[in-house]
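Subject: Structure handover

Hello,

Here is the structure I promised you. Please open it before you read on.

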Amino acid sequence: MSRKVFVSVFANFDTEGRITPLSFKWEDDRIFEIDKITNVCKAASLKAGGAGIRYTCMVCGKQIYLFLEDNKWFVEGK
Amino acid sequence: MERVILHSDLNNFYASVECLYKPELRDRPVAVGGDVEARHGIILAKNYHAKKYGIITGEALWQARQKCKDLIVLPPDYKKYLKFSKLARDIYADYTDRVESFGLDENWLDITGSVHLFGDGKKVADEIRERIKFELSITASVGVSFNKIFAKLGSDIKKPDATTVITRENFKEVVWNLPVNELLYVGRSTHKKLRGYGIKTIGDLANTPVKYLEYWLGKWGYMLWTFANGYDTSPVSNIAAKSFIKSIGNSTTAPRDLVSNDDVKITVYVLSESVAARLRLNGFKCNTVQIYVRDNGLESFERQGELEMPTSNSDVIAKKALDLFEKNYNWDKPIRSMGVRACNLVLTGDTQMSFLPEYIKEQKEDALERAVDDIRRRFGHYSIGRGLMLCDSRLSNLNPKDDHVIFPISYL
């Protein structure tokens, strides 16, 4: 089971209303750039406990899920 | 053209939502229960681990704890459930605009017009189940049939996370062997009556001459007979159409038993204010007031009475309700729950005009009540109230209009 880690996100809101997360700040204030977003869909996070819009992101060569739920962002932490 | 109707039932809805947010509880027996302090201490929902212990919805928390001492009882969070209910409806809306809610966790979908786009009933049902599971982590059971009644029955047959198809060809095998109380609107007392006449299964009901049923049960007899035979043709209402409201009511289980007419008066006024405010909000007036009373032995009854003229005035509704109460209750036992309902509704614009002084008085009172509505909208429900409410703040500390947002709309 993993933790639900809320993160602050730097995102781009385009003129069509699309939201693209660019980077996020981890608990220890480290900032991680999102290299690529490979998928966006609605999904539930069984690991962290929540449901919303799931961005599949590549960060430092790894795939992570970044969730947007009720205007709050979270990731599945270890 | 044969209709294709789905009934989707979200399994263990409240408990499933709670377990999503609390992953550490997922493998333990969990129930969602009302507030014991406010005497709403019953099981509202439970997960499958709790079900194994034989815990049933509606039983008291202490009874449930006797069956399973490690039961984890969580308080309900209606905001969260409303959100998930809406998310599920958003999924349904991708397939059809004809979605009719029956409570928070059940919906009928008429996909007759979209089968050429998305495939047949079973395919759509399976796809919807998969999406609900993936997007909301909740399992659903879906019934597929040619009418609403069998679709609902179908969703009850196989749980959780399953699709059941009932067709004109197989309904006699699938439906007719089920006990008659599985049928929608066969409640406790109808079941008892039917059992008395030897009707045990839905098939028995379907094969009973309809004249007998009408004789025993009145117009309900005919309705149940059409249900059992698959003749139900009631439509699934349109998602965009405002649901057609036939009555507006509120009820409450009081924080303590009501023991006197004064207690009842406070409760009735609280409920009537909520009912009247909701009538005005929806542009209705009512011709009939109905009360519901349940004593602490859990015996209950309903009584109704006509008003002289249509109203949306809380004082008139409350006075009628109290009048009905006083004529029909002799205080054998203290009262546990009460309800007030406005029925026989007319649109506000359609009422008969008159020069009579009663009418002018009514207009003035209406303006007064609307002013109160406005004050409450701006400054909160408790910013203004009747003096009566101060007599017992425990009883009057209730805002049925905003606290209770779930109104499963009656089928008839």
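Below is what was found, starting with chain B and ending with its contact with chain A.

First, a caution. This is a predicted model.

**Overall build of chain B**

Chain B has 17 helices and 12 strands. Its C-alpha atoms fill a box of roughly 65 × 50 × 45 Å along the principal axes. Is the chain spread out or compact? A compact globule of 412 residues would have a radius of gyration near 22 Å; chain B has 23 Å, so the two agree.

Of the 412 residues in chain B, 36% count as buried. Now look at contacts within the chain. Take those with a separation of 6 or more: 62% of them join residues 24 or more positions apart.

**Domains**

The domain assignment splits chain B into four parts. Domain 1 comes in two pieces, 5-10 and 79-172. Domain 2 covers 13-78, between those pieces. Domain 3 runs over 176-229, and domain 4 over 248-403. How far apart are domains 3 and 4 of chain B? Their C-alpha centres lie 35 Å apart.

**Where chain B meets chain A**

Each chain gives 9 residues to the contact. On the chain B side, helix H1 (13-21) and helix H6 (121-136) each supply at least two residues. H6(B) has the largest share, with 3 residues. By type, the chain B side divides into 5 nonpolar, 1 polar and 3 charged residues.

Try finding both helices in the viewer.

Best wishes

How values were computed
Residues numbered from 1 in each chain as written. Chains lettered and ligands numbered in written order. Predicted model: local features only at pLDDT ≥ 70, side-chain atom pairs only at ≥ 80, totals over all residues. Contact = placed C-beta atoms within 7 Å. Helix = DSSP H or I, 4+ residues; strand = E, 2+ residues; numbered from the N terminus. Nonpolar A, V, L, I, M, F, W, Y, C, P; charged D, E, K, R; others polar. Rg over C-alpha atoms; globule rule 2.2 N^0.38 Å. Buried ≥ 20, exposed ≤ 12 C-beta atoms within 10 Å, placed from the backbone. Domains from an automatic or database assignment.
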